[in-house]
Amino acid sequence: MWVKQTFEEADKNGDGLLNIEEIHQLMHKLNINLPRRKVRQMFQEADTDENQGTLTFEEFCVFYKMMSLRRDLYLLLLSYSDKKDHLTVEELAQFLKVEQKMTIVTTDYCLDIIRKFEVSEENKVKNVLGIEGFTNFMRSPACDVFNPLHHEVSQDMDQPLCNYYIASSHNTYLTGDQLLSQSKVDMYARVLQEGCRCVEVDCWDGPDGEPVVHDGYTLTSNILFRDVVETINKHAFVKNEARSCHIILRMMQRKGKSPMKIVQMKLKMSASSSNSV
C-alpha cells in the first residue's frame with residue numbers, strides 16, 4: 001500500500017509516529033506546496049488521540065485524505081447531493097447528464113461506477129458515492145476528455161512544422177510563480193510525461209563555467225543545466241509512439257560567460273548516453 005510505505009519512509013526514527021517536522025519534510029519530498037499554517041491546521045485536526053503532537057498511521061491516513069481533497073470536486077458533489085456528503089444513484093445520474101453531457105445514463109452504469117470507484121464498503125452497500133469515490137471517478141480515465149485512440153500517432157506527420165499545434169511549456173523548470181518559486185528538474189519529467197513536446201530552458205552563467213537554469217533577475221532557485229538535459233533525455237523518448245517524435249528545446253542563453261559550446265557539449269554528452277536522441 002503506497003500510503004503505508006510513504007508513512008514508514010517519513011518515520012525517520014522508526015517509532016511508528018510522525019511529528020509535524022517529519023510531515024513538513026514529507027510534503028517537501030512529495031513536492032506538495034501548501035502553506036505551513038494550513039499543514040499545521042490539518043495536522044491538528046487529524047491528531048485526535050491522547051498522544052498529541054504526533055500522528056499514528058491511522059491518523060496519517062486522515063491527514064492524507066484532507067491533503068488530497070479537491071475543494072472544487074467537493075463543492076460539485078454538494079451541489080448535486082442536496083448538501084449531503086454522498087451521491088445517490090439518481091443524483092449521480094443527474095450529474096452525468098447535466099455536467100458530463102451524457103445522453104444515455106442507466107442505473108446499472110451508475111451502480112458500476114460505485115462498485116469500481118467507491119472505497120467505503122458501507123457506501124457500496126448503500127449504493128452511494130462518497131467524496132473519495134467521486135474524486136477517484138473524476139480523476140480516472142473514465143472521465144478523460146482525451147480520445148484514447150490518440151495515444152498513438154495516427155495523423156500525417158510529414159507536414160512542415162508550422163502546420164501543427166505543439167503542446168508547449170513556458171518556464172518549464174518552475175514549480176510555482178515567476179518571482180519566488182523553486183526550480184526543479186522534476187518539472188521537465190512531469191510535463192514530458194503529460195505530452196509536452198516543447199520545453200523552455202533559460203541558461204545563465206553558473207559557478208566554474210557550469211551553466212545553470214533559472215528565471216533571471218528574480219528570487220527563483222537555480223538548477224544545473226546538465227541535470228536538465230539528462231532529465232529531458234530520460235523522459236522525452238519513451239517506448240510510446242505518441243512520445244517518440246522530436247522534442248523542441250526553447251533555449252535562451254543569458255550573458256556571455258557561459259559559451260554556447262559548453263551548452264552544446266552538455267547536449268552531446270546527454271545524447272551519446274542514449275540511442276533515443
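**A pocket and a helix pair**

Okay, let's start with the second largest pocket: 21 residues line it, and those nearest its centre are Tyr64, Lys65, Ser68, Leu69 and Arg139. Keep in mind that this is a predicted model.

Which elements give two or more residues to that lining? They are helix H1, residues 2-10, helix H4, residues 57-68, and H9. H4 hands over the largest share, six residues. As for volume, the second largest pocket comes to about 650 Å³. And if you sort its lining residues by class, you get 13 nonpolar, four polar and four charged.

Now, hang on to H9, since that helix also has a packing partner to look at. Quick bit of background: when two helices pack, we describe them by the angle between their axes and by the distance between those axes. Here the pair is H5, residues 71-80, and H9, residues 131-138. Their angle is about 115°, and the axes sit 10 Å apart. Angles of 65 to 115 degrees count as roughly perpendicular, so that's what we call H5 relative to H9. The crossing of the two is right-handed.

So who actually touches whom? On the H5 side, look for Leu73, Tyr74, Leu76 and Leu77. On the H9 side, they meet Ile131, Phe134, Thr135 and Met138. What classes do these contact residues fall into? Seven are nonpolar, one is polar, and none is charged.

To wrap up, H9 shows up in both parts of this talk: H9 gives residues to the pocket lining, and H9 packs with H5.

Technical notes. Residues numbered from 1 in each chain as written. Predicted model: local features only at pLDDT ≥ 70, side-chain atom pairs only at ≥ 80, totals over all residues. Heavy atoms only, no water. Axes fitted to C-alpha atoms, helices over the stretch in contact; angles between N-to-C directions. Helix = DSSP H or I, 4+ residues; strand = E, 2+ residues; numbered from the N terminus. Parallel < 35°, antiparallel > 145°, perpendicular 65-115°, else oblique. Left-handed = near helix turned anticlockwise from the far one by under 90°. Contact = heavy atoms within 4.5 Å. Nonpolar A, V, L, I, M, F, W, Y, C, P; charged D, E, K, R; others polar. 1 Å grid on protein atoms, 1.4 Å probe; cavity = no way out; pocket = protein on both sides within 12 Å on 5 of 7 lines; lining within 4 Å. Points joined across faces, edges and corners; volume = space filled by probe spheres on them.
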